[in-house]
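Here is a friendly walk through one protein chain. Have a look at the model first, then read on.

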Amino acid sequence: MGEIKRLQYFAGGQWHTSKSETYMTVYNPSTGQPIAETPCCTEEESTMPSPARKKRFRAGGTPRPSKGPKSSKLRDLLMEHLDELTYLVAWENGKAWGDAKGDVLKAKKPTEVACGIPSLMMGESSMDTSKGVDTVLYREPLGVFAGIVPL
């Protein structure tokens with residue numbers, strides 16, 4: 001068994017070492033052996049990217065037509081690194097190779113849907129919904145958010 005790796009957290013487009021003194025052990029479910037330690041990030045670390053993201057979000061962010069090619073690149077990277085990602089899913093979740101590969105491939109479909117995001121985010125308009133009244137529907141992103149992975 002090798003050295004137990006102490007993981008970093010990802011925020012603001014970069015990997016960071018946590019200032020937290022609290023770490024949780026990550027186990028290989030197949031063997032029960034510890035494989036890593038993940039930080040229980042501080043409140044400051046959990047909210048760190050928010051100010052920059054909020055500023056960029058209010059400034060307009062990425063134009064919608066530009067999002068499709070970025071999603072296509074992500075899909076291409078998923079397929080290019082299929083074996084490596086399959087290995088990670090199998091190792092971290094104690095899954096058989098075929099099941100792990102299926103899980104990675106499940107990420108491909110929503111990524112392909114995201115490739116069509118410019119079309120999906122188009123608004124709608126209706127003329128004369130009432131006498132002299134036109135309506136317009138705008139689709140706008142929710143904004144900055146954080147995700148917490150369940151145990």
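## Strands that pair up

Start with a pair of residues: Met24 has Thr38, in strand β5, as its bridge partner. The model you are looking at is predicted, so treat everything below as computed from that prediction.

Met24 and Thr38 are part of a bigger arrangement. Strand β4 covers residues 23-27 and runs antiparallel to β5, with 5 bridges joining the two. Together β4 and β5 make a hairpin, and 6 residues sit between them. One residue to pick out in that turn is Gly32, which has a positive phi of about 80°.

β5 has another partner too. Strand β1 (residues 5-6) pairs with β5 (residues 34-39) in the parallel sense, over 2 bridges. Here Lys5 has Ala36 in β5 as its bridge partner.

## The whole chain

Now zoom out. The protein chain holds 7 helices and 7 strands. Going along the sequence, the order is β-β-β-β-β-α-α-α-α-α-α-α-β-β.

How much of the chain is buried? Of its 151 residues, 16% are buried. The accessible surface of the chain comes to about 11800 Å², and carbon and sulfur atoms account for 56% of that. As for contacts, take those between residues at least 6 apart in sequence: 48% of them join residues at least 24 apart.

## Charged pairs

Side chains of opposite charge can pair when their charged atoms come close. In this chain the count comes to 5 salt bridges. The table lists some of them, including their N to O distances.

| Residue | Salt-bridge partner | Distance, N to O |
|---|---|---|
| Glu37 | Arg6 | 3.0 Å |
| Asp103 | Lys95 | 2.4 Å |
| Asp103 | Lys106 | 3.5 Å |

Let's take Glu37 and Arg6. This pair links distant parts of the chain, as Glu37 is in strand β5 and Arg6 is in strand β1, 31 residues apart. These are the two strands that pair in the parallel sense. Are the two side chains' residues buried or exposed? Glu37 is partly exposed, with a relative accessible area of 25%, and Arg6 counts as partly exposed as well, at 49%.

Asp103 turns up in two rows of the table, with Lys95 and with Lys106. Lys95, Asp103 and Lys106 are thus linked in a network of salt bridges. Where do Asp103 and Lys106 sit relative to each other? Both belong to helix α5 (residues 97-106), and because they are 3 residues apart there, about one helical turn separates them. Exposure varies along this network: Asp103 is partly exposed at 25% relative accessibility, Lys95 is partly exposed at 35%, and Lys106 is exposed at 59%.

## A nonpolar patch

Which residues form a nonpolar patch on the surface? They are Tyr87, Leu88, Trp91 and Trp97, and together they have about 400 Å² of accessible area. Helix α4 (residues 82-93) gives the most to the patch, with 3 residues. Leu88 lies in this helix. Patch members need over 30% relative accessible area, and Leu88, at 31%, counts as partly exposed.

## Two residues to look up

Go to Ser20 next, in the loop between β3 (14-16) and β4. Ser20 is buried, with a relative accessible area of 12%. What does Ser20 touch, leaving aside residues up to four places away in sequence? The answer is Cys40, Cys41, Thr42 and Glu45. Closer by in the sequence, a polar atom of the Ser20 side chain lies 3.0 Å from the backbone nitrogen of Thr22.

Finally, find Asp128 in strand β6 (residues 124-130). Asp128 has a positive phi of about 55°, although it is not a glycine. Unlike Ser20, which is buried, Asp128 counts as exposed, with a relative accessibility of 55%.

Technical notes:
Residues are numbered from 1 along each chain as its sequence is written. This is a predicted model: local features need pLDDT of at least 70, side-chain atom pairs count only at pLDDT 80 or more; totals for chains, interfaces and linings use all residues. Side-chain values use heavy atoms; hydrogens and water are left out. Helices (H or I, at least four residues) and strands (E, at least two) are DSSP runs, numbered from the N terminus. Buried means under 20% relative accessible area, exposed over 50%, partly exposed in between (1.4 Å probe, protein chains only). Contact means heavy atoms within 4.5 Å. Accessible areas come from the Shrake-Rupley method with a 1.4 Å probe; for residues, only the protein chains shown count as cover. Two strands pair if DSSP finds at least two bridges between them. A salt bridge is a side-chain nitrogen of Lys or Arg within 4 Å of a carboxyl oxygen of Asp or Glu. Patches are made of residues with over 30% relative accessible area and no salt bridge: like charges are joined within 9 Å, nonpolar side chains (Val, Leu, Ile, Met, Phe, Trp, Tyr) within 5 Å. A polar contact is a pair of N or O atoms within 3.5 Å; within protein, one must be able to donate a hydrogen and the other to accept it, and residues adjacent in sequence count only if both atoms are side-chain atoms.
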